[in-house]
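I sat down with one chain and a list of things to look up. These are my notes, in the order I made them.

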Amino acid sequence: MANNENSRRMNDILKQFRPDHREDLIPCMQAVQDREGYISDDSMAAIGAHFGIPAIKVYGLATFYDYFTFAPVSGDVVRICNGTSCHMMGAGKLISEAEKIKQTGAGKGRSRFTLKICECQGACSAGPVMDVNGKSYIRVKPEEVRSITEKSLGREKGGEG
Ligand code: FES
């Protein structure tokens, strides 16, 4: 039963992408991850079959991007881009600040979150870029990391933020 539901959800995603448009491979993987939270082995096989390429190639491409995960990530995820442009614009200070928040707690918001350091998110001119559970923030200053994290994590679950 659950497998039928999974197949139906996967087919709903795949039918948005034409099999002969391989440039849609990454957007397709993003759609799967956004919907499922990660890209499973079964999803990679289905994506590969849809585009006519081996699942191992789908996996190889996906591993190139830190955005993709291959196992369920529980809880909240804070991503900070450390691509070249964001790095040059001070992403390292954002990362340090986020690591500090993980260690000391996030005030009224929740302090338990997964911190992921990502490569380019495609918004280089507006860096440094971070996102909390998929919501992006641009031109982030180190002193804003705590308030963004606290507000985002607090609000999303109806906390006081
Ligand atoms: S390097 Fe961060 S968005 Fe491009």
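The entries below go from the whole chain down to single residues.

**Entry 1: the whole chain.** I noted at the start that this is a predicted model. I looked up the extent of the C-alpha trace and found that it spans about 45 × 35 × 20 Å along its principal axes. The chain has 161 residues, and 27% of them count as buried.

**Entry 2: domains.** I found two domains listed: domain 1 covers 2-62 and domain 2 covers 76-156. Their C-alpha centres are 28 Å apart.

**Entry 3: helices and strands.** I counted along the chain and got 7 helices and 4 strands. I wrote down the order as α-α-α-α-β-α-α-β-β-β-α. I also checked contacts between residues with a separation of 6 or more, and 60% of these join residues 24 or more positions apart.

**Entry 4: the sheet.** In what order do the strands lie in the sheet? I read the order as S2-S1-S3-S4, in an open sheet with mixed pairing. Strand S2 (113-118) and strand S4 (135-137) are the edge strands, each pairing on one side only. From one strand to the next, the twist averages 20°.

I then looked at one pair in detail. S1 (residues 76-81) and S2 run parallel and are joined by 6 bridges. Within this pair, Cys81 stands opposite Cys118 of S2.

**Entry 5: a helix over the sheet.** Which strands does helix H6 lie across? I found that H6 (residues 91-104) lies across S1, S2 and strand S3 (130-132). The helix runs at about 160° to S1.

**Entry 6: a cis peptide bond.** I checked the loop between S2 and S3, where Pro128 sits. The peptide bond from Gly127 to Pro128 is cis, and its omega is near -5°.

**Entry 7: positive phi.** I looked for residues other than glycine with a positive phi and noted two, beginning with Asn133, whose phi is near 50°, and then Arg139, whose phi is near 45°. Asn133 is in the loop between S3 and S4. Arg139 is in the loop between S4 and helix H7 (145-156).

**Entry 8: exposure of these two.** Why does Asn133 count as partly exposed? Asn133 has 14 C-beta neighbours inside 10 Å, and a residue is exposed only with 12 or fewer and buried with 20 or more, so a count in between is partly exposed. Arg139 has 12 other C-beta atoms within 10 Å, and therefore I entered Arg139 as exposed.

Note on methods: Residues numbered from 1 in each chain as written. Predicted model: local features only at pLDDT ≥ 70, side-chain atom pairs only at ≥ 80, totals over all residues. Domains from an automatic or database assignment. Helix = DSSP H or I, 4+ residues; strand = E, 2+ residues; numbered from the N terminus. Contact = placed C-beta atoms within 7 Å. Pairing = 2+ DSSP bridges. Axes fitted to C-alpha atoms, helices over the stretch in contact; angles between N-to-C directions.
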